[in-house]
Amino acid sequence: MATAELMCREIPPERPLATGGSSRNEKMEMTYAGNTGNNMGISTLGYRSAKYNPSEWHESNYAKYYQSFVDRDNAEKIRHESKRTVNETEATTNKTQAEVTKKLGERIQDINFWKFELEREIQDVIAETDVLLAQKKRLENGMRSTEVPLHIATDNLNCRQRRQGVDVVQDDVELALLKEVEIINNVQDLLKKTTDQAEKQIRLNRGAKQNLEMDWSDKKEALQTDTRSGALKNHHTEKQFYSGAAKFEEIQSTPESWAQYSHDNIVKAEHERMASIQLRQLIDNILEDTSRDMREQCDTVDVAFQKRLEDLDDSRTKMEENLQKVCNEIAQMESNIDNLRKAVRDKENPMKASQTRLENRSYRPGVELCRDPVQYKLVGEVNEICQSIDALAEKLNTAENSLKDLQDNRMSLEKEIANKKNSLFIDRQKCTSLRTRFPSTLKLQGYQ
């Protein structure tokens, strides 16, 4: 161990001389080479034991002696340096005490000035933050009030999905409802974004207020400290020594930076207050614009619903009129078919009479089996009756097909009338009645 530079006159302890011992290996611990058996607790050749050797014991004792000596020497050096520092500090304090007392009075005036300015700005920021909180509450109310219009619009769209047949059409009402949902979603996004912006501005206002209050609190404490320090005299008892109190810290501010710090806090607070005022004006405009957009779109949807209901009523009325005409025509066509079938049946007896006459005349004997005018007339009569029956059958087939078309048309009209009634029920009872719950403009603007 190297010899330390010592201040005291005490002689350092001497390092112990090396002592001999039992046999040792150059790279191994001291071992006993004799026969020790198995359970004597003595290490055999080449193995480290759990015990220290004598040289290690002496070296450890010397290290503790020497460390004790060094520590005592360091303590003595510290005592001498402390006495010198105390004397220098006391001399400096006595030299500058009168000048510091004068400067403390000037400092108190400066602190009072900035303390008053900070108090005024704190009150302004508190008042502005309270007003902004009220605006944020309006935003939240406006956000909640948009849930009802969105529910109404989506419910209208879902209800109109239950229309049937050709009434499942993307009409002006559906387009207006989709536009209404889009507007409400955009309004909600804008209000959410503006609410987040208001919350951020409130945090900035409170942060600026906190900085002002901390600065004010520090100045109040500094004012109390400087006032107490200015009144402190040497004969007072409330004083004591503080080692190192007279040194300059790196974190200490200068008079310029001290004044600039309070000035910057006030300027920052004024900046946040102006930003808060502008944000409040923006919130007013946003709430007014969004409520107007939603109300205008609501009116557009209502007008589209009324026009659609008029169209549905007109269509249903015309279809009911056509249905009545079709039903009348069906009745007439059924009567016509009955007449045609009766006419066909009425041709059976003349046909039988003509064919019977021809059959009977076919049994005339010999030369009497003559192709006379009667024969020609009977054959012509049979052919004429056949043609009449064919014509009546064709008309009967055409009439039956027409009747089927009329019946299909009647079913189609009845189904379409049912669809129109269903659509009218949905649009009038389900949709327009629900839209009467649309919030008022004051509620959309967050006043309620």
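Me: Buried means under 20% relative accessible area, exposed means over 50%, and partly exposed lies in between (1.4 Å probe, protein chains only); which of these words fits Trp 114?

Reply: A word on the model comes before the answer: it is predicted, local features need pLDDT of at least 70, side-chain atom pairs count only at pLDDT 80 or more, and totals for chains, interfaces and linings use all residues. Residues are numbered from 1 along each chain as its sequence is written, and side-chain values use heavy atoms, with hydrogens and water left out. Trp 114 has a relative accessibility of 15%, so it counts as buried.

Me: How many aromatic pairs are there, and is the pair of Tyr 62 and Tyr 66 stacked, edge-to-face or tilted?

Reply: Rings of Phe, Tyr and Trp (its six-membered ring) pair if their centres lie within 6.5 Å; planes under 30 degrees apart are stacked, over 60 edge-to-face, and the rest tilted. By that rule there are three aromatic pairs. The ring centres of Tyr 62 and Tyr 66 are 6.0 Å apart and their planes stand at 35°, so this pair is tilted.

Me: Where do Tyr 62 and Tyr 66 sit, and what separates them?

Reply: Helices (H or I, at least four residues) and strands (E, at least two) are DSSP runs, numbered from the N terminus. Both tyrosines, Tyr 62 and Tyr 66, are buried. They lie four residues apart in helix α1 (residues 54-145), so what separates them is about one helical turn.

Me: What kind of pair do Phe 113 and Trp 114 form?

Reply: Phe 113 is partly exposed, at 45% relative accessible area. Its ring centre is 5.2 Å from that of Trp 114, and with 75° between the planes the pair is edge-to-face.

Me: How do helices α2 and α6 run relative to each other?

Reply: Axes are lines fitted to C-alpha atoms, for helices over the stretch in contact, and angles run from 0 to 180 degrees between N-to-C directions. Under 35 degrees counts as roughly parallel, over 145 as roughly antiparallel, 65 to 115 as roughly perpendicular, and the rest as oblique. Helix α2 (residues 147-160) and helix α6 (residues 373-432) have axes 10 Å apart and pack at about 155°. The two helices, α2 and α6, are therefore roughly antiparallel.

Me: Which residues does Ser 276 touch, leaving aside residues up to four places away in sequence?

Reply: Ser 276 belongs to helix α4 (residues 255-346), and its relative accessible area of 0% makes it buried. Contact means heavy atoms within 4.5 Å. On that basis, Ser 276 touches Glu 128, Leu 132, Gln 201 and Asn 205.
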